[in-house]
Amino acid sequence: MLAEKDIFNIKSNEEFESLALEIFKFQFDNNPVYRSFCDLLFKHPSDINSIEEIPFLPIQFFKSHEVLSSTQPPQKIFTSSGTTGNVTSKHFVTDLHIYESSFKNGFEYFYGNIDDYAILGLLPSYLERDGSSLIYMVDYLIQKSNHPKSGFYLNNLGELAEAIQSLEAQNQKTILVGVSFALLDFVESQSIKLKNTIVMETGGMKGRRKEMIRTELHTILKEGFGVEHIHSEYGMTELLSQAYSKGNGVFESPPWMKVLIRDTEDALTLQKTNKSGGINIIDLANLNSCSFIATQDLGKVHDNGGFEVIGRFDNSDIRGCNLMVL
């Protein structure tokens, strides 16, 4: 019987692989969409002996299908942001407790106890719509931080600057979580130098500004905030886990999440470390949906397991993933 405690107590690669294979069999048996995809590839659990052999479901399926490995009704439906007219992804979450355990344990794995921090959210584009998994996570962290100045700041940048200066004066450890364009707006309108505050960008210009590469963005933010490093969070609507970068552009995953890289010309072939390609994610916390997802991001994995995100596929259809006709 699969148990949540097994997912969040993984201590070794062997334990990860063993549990991943068990979850693959469970989702093959209980997820009709994933089962159909595996059948099209002639992949059966009896043929799969390592995580490298597990089929990764193209992330576009979340736009056209209910990707579920559970018969329980969803407690929450998370949706992706999208421009007008675009179809958005829907992630049907049947057990919010697993999501909360994942992001809480993941945060504390990298940053320590939540209640040591004041948590400030600068996520206007996400707050302005319903169904954001990022807002759900940050709101939870704000509540658990139990600090009176923790909270969301929509477009009131002056009030946010005052809160940060007050927290800095108290030497309070603080995390400012912000979408990229809002952080840029902040440093253009406010003059502030930080000593006790971690600035964490979550990506996304959301049509508000021209897209820029992460190094360019971080250079501007480092100068604007007077810090040596800008942290980053990597997650998505279709996942229940997050990876974090502490400022060097290399993301680290919690023990129940792993990134593999696929060949851009052949989606069923994996690349070796230090070679770029499409990012495949194993997220064992995504137990009741699909734990094996082929994203539209490009990246590469380092020898130590850390990974970089270097862009996105130009076209919406990933080459080699033309089995979307289910």
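This passage describes selected helices, loops and buried residues of a predicted model.

Two helices near the start of the numbering are treated first. Helix α2 covers residues 13–30, and helix α3 covers residues 32–40. Their axes come within 6 Å. The crossing angle is roughly 100 degrees. Helix α2 is therefore roughly perpendicular to α3, since angles of 65 to 115 degrees are classed that way. On the α2 side, the contact is made by F24, Q27, F28, D29 and N30. On the α3 side, P32, Y34, R35, C38 and D39 take part. By class, the residues of this contact divide into 5 nonpolar, 2 polar and 3 charged.

Helix α5 comes next. It runs over residues 96–111 and holds 16 residues. At 1.5 Å a residue, a span of 22 Å is expected, and the end C-alpha atoms are indeed 22 Å apart, so the two values agree. The N-terminal end of α5 is capped by D95. A side-chain oxygen of D95 lies 3.1 Å from the backbone nitrogen of H97. Just after the helix, G112 takes a positive phi of about 90 degrees.

Several residues of α5 are buried. They are L96, I98, Y99, E100, S101, S102, F103, G106, F107, F110 and Y111. An α-helix has 3.6 residues a turn, so residues three or four places apart point the same way. In α5, the buried residues include F103, F107 and F110.

S102 belongs to this helix. Its relative accessibility is 1%, so S102 counts as buried, the cut-off being under 20%. The side chain of S102 makes a polar contact with the side chain of W256, at 3.2 Å. Leaving aside residues up to four places away in sequence, S102 touches F8, L240, S241, W256 and A285. W256 thus appears both in the polar contact and in the list of residues touched.

Two further buried residues lie outside α5. D297 is found in strand β12, which spans residues 292–301. With a relative accessibility of 8%, D297 counts as buried. Beyond four places in sequence, D297 touches Y234, M236, G277, G278, I279, V309, G311, R312 and F313. Three glycines are thus among the residues that D297 touches: G277, G278 and G311.

T202 sits in a loop, between β7 (197–201) and α10 (214–225). Its relative accessibility is 13%, so T202 also counts as buried. With residues up to four places away in sequence set aside, T202 touches L123, Y126, L134, V177, G178, V179 and E233. T202 and N274 are 72 residues apart in sequence. In space, their C-alpha atoms are 24 Å apart.

Two asparagines in loops complete the account. N146 lies between α7 (133–145) and β5 (151–152). Its phi is near 60 degrees, a positive value in a residue other than glycine. At 67% relative accessibility, N146 counts as exposed, because the cut-off for that class is over 50%. N171 occupies the loop between α8 (157–169) and β6 (174–178). The phi of N171 is near 55 degrees, again positive in a residue other than glycine. The relative accessibility of N171 is 58%, so N171 counts as exposed.

Methods. Residues are numbered from 1 along each chain as its sequence is written. This is a predicted model: local features need pLDDT of at least 70, side-chain atom pairs count only at pLDDT 80 or more; totals for chains, interfaces and linings use all residues. Side-chain values use heavy atoms; hydrogens and water are left out. Axes are lines fitted to C-alpha atoms, for helices over the stretch in contact, and angles run from 0 to 180 degrees between N-to-C directions. Helices (H or I, at least four residues) and strands (E, at least two) are DSSP runs, numbered from the N terminus. Angles under 35 degrees count as roughly parallel, over 145 as roughly antiparallel, 65 to 115 as roughly perpendicular and the rest as oblique. Contact means heavy atoms within 4.5 Å. Ala, Val, Leu, Ile, Met, Phe, Trp, Tyr, Cys and Pro count as nonpolar, Asp, Glu, Lys and Arg as charged, and the others, Gly among them, as polar. The expected span of a helix is 1.5 Å times one less than its number of residues. Buried means under 20% relative accessible area, exposed over 50%, partly exposed in between (1.4 Å probe, protein chains only). A polar contact is a pair of N or O atoms within 3.5 Å; within protein, one must be able to donate a hydrogen and the other to accept it, and residues adjacent in sequence count only if both atoms are side-chain atoms.
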